[in-house]
Amino acid sequence: MQKINDNSSQEFLNSQNIIIQDRMATVTRKTQETSVQVTVNFDGTGICKAATGIPFLDHMLHQISCHSLIDLDVQAQGDWEIDDHHTNEDVGITLGQAIAKALARRTGIARFGHFIAPLDEALVQTVLDFSGRPHLSYGLRIPTQRIGDYDTQLVREFFVAMVNHAQMTLHILQLDGINAHHIVEATFKAFAYSMRMAVEIDPRRVSKIPSSKGVL
């Protein structure tokens with residue numbers, strides 16, 4: 001029996017003798033620039049292993065895992081001697097592919113998720129739809145070019161790559177914030193909670209596609 005975070009949902013599924021297939025996937029991507037492997041488990045407990053060679057990106061991946069309760073393992077080798085761009089992008093691509101593979105036809109999920117996350121003075125809203133149609137609206141205004149050694153332009157590149165390959169619609173809106181680290185971390189936390197909401201199983205349509213079209 002697949003784990004469901006909501007105890008009432010679990011009891012309902014048990015009573016109906018409904019089995020949910022494992023929502024796990026591993027994807028490997030190798031190019032002449034990078035080698036990335038990502039494993040996701042949508043019914044985990046927020047365990048994260050991240051070793052991308054980009055410390056700030058590792059920190060943000062931990063935020064996704066911790067606050068979405070998705071188990072996440074991301075291992076990457078890249079051409080860091082050039083810069084972090086290729087590795088950052090390919091981690092986003094591979095994570096997006098793993099998300100899409102693990103959710104498969106997206107049967108039974110809530111589909112939509114939204115959250116507003118504060119981090120001190122920063123306040124960021126994310127709204128997510130596992131629509132099958134990739135779209136990103138990116139409204140961050142990050143005041144510095146770098147957070148430590150991390151180029152803040154790469155935040156948008158990460159989300160573009162992930163959204164395109166996960167086939168999700170994602171809106172990111174910065175409501176407040178002047179500290180670059182706070183703004184970006186609030187974004188990843190808000191995204192994590194939005195995804196947690198969106199991938200929860202709806203016990204009233206556990207065997208159905210959450211779309212009036214019957215397909216996503």
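User: Which residues touch the most other members in the largest nonpolar core?
Analyst: V40, L61, F130, F158, F159 and M195, out of 56 residues in that core. A nonpolar core here is a set of buried Ala, Val, Leu, Ile, Met, Phe, Trp, Tyr and Cys residues joined through side-chain atoms within 4.5 Å. Buried means under 20% relative accessible area, exposed over 50%, and partly exposed in between (1.4 Å probe, protein chains only).

User: And which helix gives the largest share of this core?
Analyst: Helix α5, residues 180-199, with nine residues. Helices (H or I, at least four residues) and strands (E, at least two) are DSSP runs, numbered from the N terminus.

User: Any ground rules for the coordinates?
Analyst: This is a predicted model, where local features need pLDDT of at least 70 and side-chain atom pairs count only at pLDDT 80 or more, while totals for chains, interfaces and linings use all residues. Residues are numbered from 1 along each chain as its sequence is written, and side-chain values use heavy atoms, with hydrogens and water left out.

User: OK, back to F130. What does F130 touch?
Analyst: Leaving out residues up to four places away in sequence, the partners of F130 include I99, L103, I109, M168, M195 and L216, plus R106, R111 and Q167. Contact means heavy atoms within 4.5 Å.

User: Switching to sheets. What's the strand order in the one with β10?
Analyst: β5-β6-β10-β7, an open sheet of four strands with mixed pairing. Two strands pair if DSSP finds at least two bridges between them. β5 (112-119) and β7 (135-139) are the edges, each pairing on one side only.

User: How many bridges join β6 to β10?
Analyst: Seven, with β6 (residues 122-129) and β10 (residues 169-176) running antiparallel. L123 sits opposite D176 in β10. α5 packs on this sheet too, touching β5, β6 and β10, and its direction makes about 150° with that of β5. For angles, axes are lines fitted to C-alpha atoms, for helices over the stretch in contact, and values run from 0 to 180 degrees between N-to-C directions.

User: What about α2 against α5? At what angle do their axes cross?
Analyst: Roughly 35°, with the axes of α2 (residues 55-68) and α5 coming within 8 Å. The crossing is right-handed, that is, the near helix is turned clockwise from the far one by less than a right angle (anticlockwise would be left-handed).

User: Which residues of α2 meet α5?
Analyst: F56, H59, M60, Q63, I64, H67 and S68 do, and on the α5 side they meet residues including V184, F188, F191 and M195. By class, that contact has nine nonpolar, five polar and three charged residues. Ala, Val, Leu, Ile, Met, Phe, Trp, Tyr, Cys and Pro count as nonpolar, Asp, Glu, Lys and Arg as charged, and the others, Gly among them, as polar.

User: What's the order in the sheet with β1?
Analyst: β1-β2-β4-β3, an open sheet of four strands with mixed pairing. Seven bridges join β1 to β2 (residues 35-41), and those two run antiparallel. T26 has T39 in β2 as its bridge partner. α2 packs on this sheet, touching β3 and β4 (71-77).

User: Last one: where is L69, and what's its phi?
Analyst: L69 lies in the loop between α2 and β4, and its phi is positive at about 65°, although L69 is not a glycine. Most residues other than glycine have a negative phi. Q167, in the loop between α4 and β10, also has a positive phi, near 55°.

User: Why does Q167 count as partly exposed?
Analyst: Because its relative accessibility is 37%.
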